[in-house]
Amino acid sequence: MSRRERGPEPGPGGAEVAAEDAEPESPDQCLSLLPWDRFSAWLHCVCVVGFDLELGQAVEVIYPPHSKLTDKEKTNICYLSFPDSNSGCLGDTQFCFRFRRSPGRKVSFCCFLDQLDRDLPVYLKKDSAYYYGYVYFRQVRDKSLKRGYFQKSLVLISKLPYVHLFRTMLKQIAPEYFEKSEAFLEAVCSDIDRWPPPVPGKVLQLPLVGLTMKLRIPTYRDKPGTTPIVQNMHQADAQISMALPTVHEVDLFRCFCPVFFHIQMLWELVLLGEPLVVMAPSPAESSETVLALVSCISPLKYCSDFRPYFTIHDSEFKEYTTRTQAPPSVILGVTNPFFAKTLQHWPHIIRIGDLKLPGEVPKQVKVKKLKNLKTLDSKPGVYTSYKPYLNKDEEIVKQLQKGVQQKRPTEAQSVILRRYFLELTESFIIPLSPPQLRQFSQDDFMKTLEKAGPQLTSGLKGDWIGLYRHFLKSPNFDGWFRSRQKEMTQKLEALHLEALCNENLVFWSQKHTEVETVDLVLKLKNKLLQADREHLPVNTDTLKKLQTHINDIILALPDDLQDILLKTGTT
């Protein structure tokens, strides 16, 4: 991999974004250990799922061949890679799904990938308990086949939530794969195994069968709501270059168009971790809408489970549809009419039609009562008895309606909507943000809201206190608070390491007994191990300096102790 330094990337409004934001030391050392390690940094495997007259859906190819999937994982991939028969998806369809990994498997081949994860915004950090499946499904008439149809899916399995990247990849490779078959798939995978690691903050160039994709993965240092521009430079060679504006974002406006007038209520439902079902005509619509819902509370991480496409064959079907307990905190995307009956006890149901951009302003749609939802043929809308805590923001509705009338591009509408959600979420989160390492006190927090509440940054009126009380009981608050606690603890540990580096530890050891000095050496070694294990936010110079201190202290001790301590690692 080339190690050339690249210049800074221009951001919005002329801002420059440092291209070398977050490069850890020598990724090549880590990622050139074995063949397929570079591939594994991006994908777990590539699957081809076909239809067998006797077996039904079946995994025909797994590449690379050594990739491991359990029988349960293969079964989930089989059923989730095909649209339900009622969807009637003729031609080519793209969608994505998410499923649980089987427990007890090795999480990562290299600590380096965990180090990269540390530099990501919290909402892009991978969840090692789940895989994503990115699907390109083709169904075309073929009289030479018994069923009269060619049905096949090319599926990318990955732990990374980079929806736009993998969707773009599939659009490039799947049509050609269906024509050329396995030799072409091998060439694709060989290209991916030459990719640089997915380092956040770097402009990456990813070769893919005659094309070079250029992209930048966000870092936690990026200002929320800004997307640094990746310039599409002319290639010296014959390769075509494609700059991706994002790796993970979906077309927010297109997804929310069918439920245009309820975006603020949906933001509240997602924020509070309420059980939500999206009933859609096809997996493309269901998966995009679920992903849009999950992203609407960014930069907060949605901490519950979500399934962009969920079927009756899913291994969690019984767990999520049982009536013996309250519906779980999860967002499900479904297309099978059976779910209209199975999930009619769920408190919030979104029914959407085809995701087509409106040529006219959407008409006002009232929230519908749940008892009116009988089948998947029910009219599009939101079916719930939920009463929002906040008053409706008419301005955003007017702004987007005006955009529809003026034929404003959907990308521009999405930018407006994303900024609206971001400002709403930030207004809500800012009062919660002072770091608290002790147990969170709800009463103390509520007392601060009168003077330092969301009214400082948001003009929206309503029952903010009621919204906070509800949020504090949700999985999203629990996840946010744990993350803040961990972040603050790590910052304190890092400050402690820096303080130790600035002390004259050799001088200290000369004034203390050998037993106390040995104890200090062991504690300092443990600190270094902890910094490495937990990826503490400490620069490399600090760690080198501390190691020098340790060596100097050891060399000042008697020879027998030196031998023991130089050989001793610690826990």
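**Salt bridges, a charged patch and a covered helix**

User: Which helix do Glu176 and Lys180 lie in, and how far apart are they in sequence?
Analyst: Helix α5, residues 163-180, holds both Glu176 and Lys180, and they sit four residues apart, about one turn of the helix. Helices here are DSSP runs of H or I with at least four residues, strands are E runs of at least two, and both are numbered from the N terminus. Before we go on: this is a predicted model, where local features need pLDDT of at least 70 and side-chain atom pairs count only at pLDDT 80 or more, while totals for chains, interfaces and linings use all residues. Side-chain values use heavy atoms, with hydrogens and water left out, and residues are numbered from 1 along each chain as its sequence is written.

User: What do Glu176 and Lys180 form, and how far apart are the closest N and O atoms?
Analyst: A salt bridge, with the closest N and O atoms of Glu176 and Lys180 2.5 Å apart. The term needs a side-chain nitrogen of Lys or Arg within 4 Å of a carboxyl oxygen of Asp or Glu. Glu176 is partly exposed at 31% relative accessible area, and Lys180 is partly exposed at 48%. On this scale buried is under 20%, exposed is over 50% and partly exposed falls in between (1.4 Å probe, protein chains only).

User: How many salt bridges does the structure hold?
Analyst: There are 24 salt bridges. One of them joins the side chains of Asp119 and Arg221, at 3.9 Å from N to O. Asp119 sits in the loop between α4 (111-118) and β6, and Arg221 in the loop between β9 (211-216) and β10 (240-243), so this pair ties together parts 102 residues apart in sequence. Asp119 is buried at 2%, whereas Arg221 is partly exposed at 41%.

User: Which residues are linked in a network of salt bridges?
Analyst: Arg98, Arg100, Asp127, Asp305, Arg307, Asp314, Glu316 and Glu319.

User: And Glu288, what does that one form a salt bridge with?
Analyst: Arg254, with the closest N and O atoms 2.9 Å apart. Glu288 is in helix α9 (residues 283-295) and Arg254 in helix α7 (residues 252-256), so the bridge ties together parts that are 34 residues apart in sequence. Glu288 is buried at 11% and Arg254 is partly exposed at 22%.

User: Switching topic: which residues of helix α3 are buried?
Analyst: In α3, residues 71-80, the buried ones are Glu73, Asn76, Ile77, Cys78 and Leu80.

User: What covers the buried residues of α3?
Analyst: The cover includes β3 (45-52), β4 (56-63), β5 (91-100), β6 (130-141) and β7 (149-158).

User: Where is Asp142 found, and what is Asp142 in contact with?
Analyst: Asp142 is in the loop between β6 and β7. Setting aside neighbours within four places in sequence, Asp142 is in contact (heavy atoms within 4.5 Å) with Gly148, Tyr149 and Phe150. Asp142 is partly exposed at 24% relative accessibility.

User: How many helices and strands does the chain come to?
Analyst: The chain has 20 helices and 15 strands. Of its 571 residues, 52% count as buried.
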